[in-house]
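This report introduces a protein structure to a reader who has not met it before. Please keep the sequence and the model in view while reading.

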Amino acid sequence: MICFFYCCYVLFAEDFEREAENIIVMGLISSVLGFFGFGFGIVVGLVIGYFLFIYVLPTDVKHPDIRPLAEQDTETLQKLLPEIPLWVKNPDFERLDWLNKMVELMWPYLDKAICKTAKGIIDPIIAEQIPQYKIESVDFLSFTLGTLPPTFPGMKVYITEEKELIMEPVIKWAANPNITVAVKAYGLKATAQVIDLQIFAAPRITLKPLVPTFPCFANIYVSLMEKPHVDFGLKLLGADAMSIPGLYRFVQEIVKDQVANMYLWPKTLEVQILDPSKAMKRPLGILNVTVVKAIKLRKTDILGLSDPYVKLKIVNDKPSTKKTTVKHKNLNPEWNQEFSFVIKDPETQVLKFSVYDWDQVGSHEKMGVNIVPLKDLTPDEPKVLTLDLLKNLNPDDAHNEKSRGQLVLEVTYKAFNDEELANGADESNTVEKAPDGTPDGGGLLVVIVHEGQDLEGKHHTNPSVRMLFRGEERRTKVLKKNRDPRWEEEFQFVLEEPPVNDRIHVEVVSTSKRMGLRHPKEALGYVDIYLADVINNKRINERYHLIDSKNGRLQIELQWRTAS
């Protein structure tokens, strides 16, 4: 036992001595502090601590190390990465210094305009809701977003083949708003104030459909690509409510979740700017035209006969012109051919028809023209018209008094009902049904030639599109001296069965009528489009790279319309 205590003394002798010294020192300090008084001792301690802090600060302050990013090490770059702008880190993002500068200069006026608009929207909603909660009034004592505008570090823009514009801006806003609301109920008044707002968000903004009416888009769709960061201060009755333990994080998470549940992609906020049916001039009805016959046409050939045919079109409409067959050597031809036109504005649109004399060589001679205003037609009422052929549409031209023959037409305008209009206005990319008379089991193949890009010929660039499908040939108009032509022409093929195993040959050619030119016709490229995808998907809209062309591309939309 004695040996055990001796070993313990040897092992812990130094610790015992050290603790004894500490006890003696603490005793001396407590005696001194007790002598001078506790308050005086605290003052002396703070003064000594302050001078010790000053003297231990380093006196050799180094200049910051400024070097190019390429020379920085990995650890330093990782620390700098959050501060680097998006347009530097990601090449898909565009720099928006011009937009930030513009918002900064306009912010005092934008602040007032936004607040005024917001109050105009909120006030009616509050007035409608407060009676059910027995609240006397809710008033805005102050409503301003502050002096600090939002900033846009970068923006990504998506390019699609549809009539839309997709943008993804990044928004950072550390604001100093002052929004104070006073609520009166049961004779009591309470105030709430929102201050120190921070919002970091990455919304996706889609403008669609693009229309030829200012501001050139009908709707705005907004959705969030990720949960936003929202932080704000809230004062209730003048006290900081966010200082209550646990309330700050609870409110912040509630706001994030509620905003995300409403607008996190694929959910969207839709804001209608224009009425799509009016902005896009959506179809309002169908005009059925039967070209019956012509009477006493003018002689144009040397032998005293003519080879007439009729062209029909709706003025101010993009789809291609429709025409009858040619009746050779006949001054009183009968056709009895039926045509259908989609009508978008019956109050202003007119049906224009022209009678031509077909010639095998050279241009075809116009024999007469006239129009039928659609506003003069009664919906769903067939009407037979016998119209005189005129030299031109100028009512004061004396040449129109000369007899050129007559054309007999049967026209019927069928207006869509409310259900059909509503279905047509839901989505810009829906496929219409095939018209009546489409073969059972078959359908209508619609080819819309939109535009070309980077078309270039060796000798001239006057592009037009030529299509070959099942022995039929269709052509667009020629656009002279245009490397980026835009046609927007529609062609239709009525088929007895779906063309699952067929393809359509599309080629771009350039033609020139200059005399003496060695190369009057030149191929600018071609593409073969297989139609199986069109039948399965009902619609495709793609930009095709042309074969035998350096950079040429052609945007074509194909639709398969069935009666069902």
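The sections below describe the chain as a whole, then its salt bridges, selected buried residues and surface patches.

## Overall architecture

The structure is a predicted model. Its chain has 564 residues, of which 34% count as buried. Nine helices and 27 strands are found along the chain.

The accessible surface amounts to about 36,600 Å², and carbon and sulfur atoms contribute 58% of that surface. Among contacts in the chain with a separation of 6 or more, 65% are between residues 24 or more positions apart.

## Salt bridges

The whole structure contains 16 salt bridges. One of these pairs Asp97 with Arg95, with the closest N and O atoms 2.5 Å apart. Asp97 is partly exposed, at a relative accessible area of 39%, and Arg95 is likewise partly exposed, at 47% relative accessibility.

Another salt bridge is formed by Glu365 and Arg298, where 3.5 Å separates the closest N and O atoms. Glu365 belongs to strand β17 (residues 365-373), whereas Arg298 lies in the loop between β12 (285-295) and β13 (308-314); the pair therefore ties together parts that are 67 residues apart in sequence. Glu365 counts as partly exposed, with 33% relative accessibility. Arg298 is partly exposed as well, its relative accessible area being 24%.

## A salt-bridge network

Arg543 and Glu451 also form a salt bridge, and the closest N and O atoms of this pair are 3.2 Å apart. Arg543 is located in strand β26 (residues 539-545) and Glu451 in strand β20 (residues 443-453), so this salt bridge ties together parts that are 92 residues apart in sequence. Through salt bridges that share partners, Glu451, Arg486, Glu488 and Arg543 are joined into one network.

Are the two residues Arg543 and Glu451 buried or partly exposed? Arg543 counts as partly exposed, at 22% relative accessibility. Glu451 has a relative accessibility of 14% and counts as buried, because buried means under 20% relative accessible area.

## Buried residues and their contacts

The contacts given in this section leave aside neighbours within four places in sequence. Lys156 is part of strand β3 (residues 151-158). This lysine is buried, with a relative accessible area of 15%. Its contacts are Asp92, Phe93, Ile166, Met167 and Glu168.

Ser464 is found in strand β21 (residues 463-469) and is buried, at 4% relative accessibility. Which residues are in contact with Ser464? They are Thr476, Lys477, Val478, Trp487, Glu507, Val508 and Val509.

Gly442 sits in the loop between α8 (418-425) and β20. With 8% relative accessibility, Gly442 counts as buried. It touches Leu495, Glu496, Glu497, Trp560 and Thr562. Of these, Thr562 is 120 residues from Gly442 in sequence, yet the two are 6.9 Å apart in space, C-alpha to C-alpha.

## Surface patches

Two patches, one nonpolar and one positive, are described here. Trp98, Met102, Leu105 and Met106 make a nonpolar surface patch of about 450 Å². Within this group, Met102 is placed in helix α5 (residues 97-129). Met102 counts as partly exposed, at 38% relative accessibility.

The positive surface patch is formed by Lys480, Lys481, Lys513 and Arg514. One of its members, Lys481, lies in the loop between β22 (472-475) and β23 (486-495). Lys481 is exposed, with a relative accessible area of 79%.

Notes:
Residues numbered from 1 in each chain as written. Predicted model: local features only at pLDDT ≥ 70, side-chain atom pairs only at ≥ 80, totals over all residues. Heavy atoms only, no water. Patch = residues over 30% accessible without salt bridge, like charges linked within 9 Å, V, L, I, M, F, W, Y side chains within 5 Å. Areas by Shrake-Rupley, 256 points an atom, 1.4 Å probe, with all protein chains shown as cover. Salt bridge = Lys/Arg side-chain N within 4 Å of Asp/Glu carboxyl O. Lys, Arg positive; Asp, Glu negative; His and termini not counted. Charge placed at Lys NZ, Arg CZ, Asp CG, Glu CD. Helix = DSSP H or I, 4+ residues; strand = E, 2+ residues; numbered from the N terminus. Buried < 20%, exposed > 50% of the residue type's maximum accessible area, 1.4 Å probe, protein only. Contact = heavy atoms within 4.5 Å.
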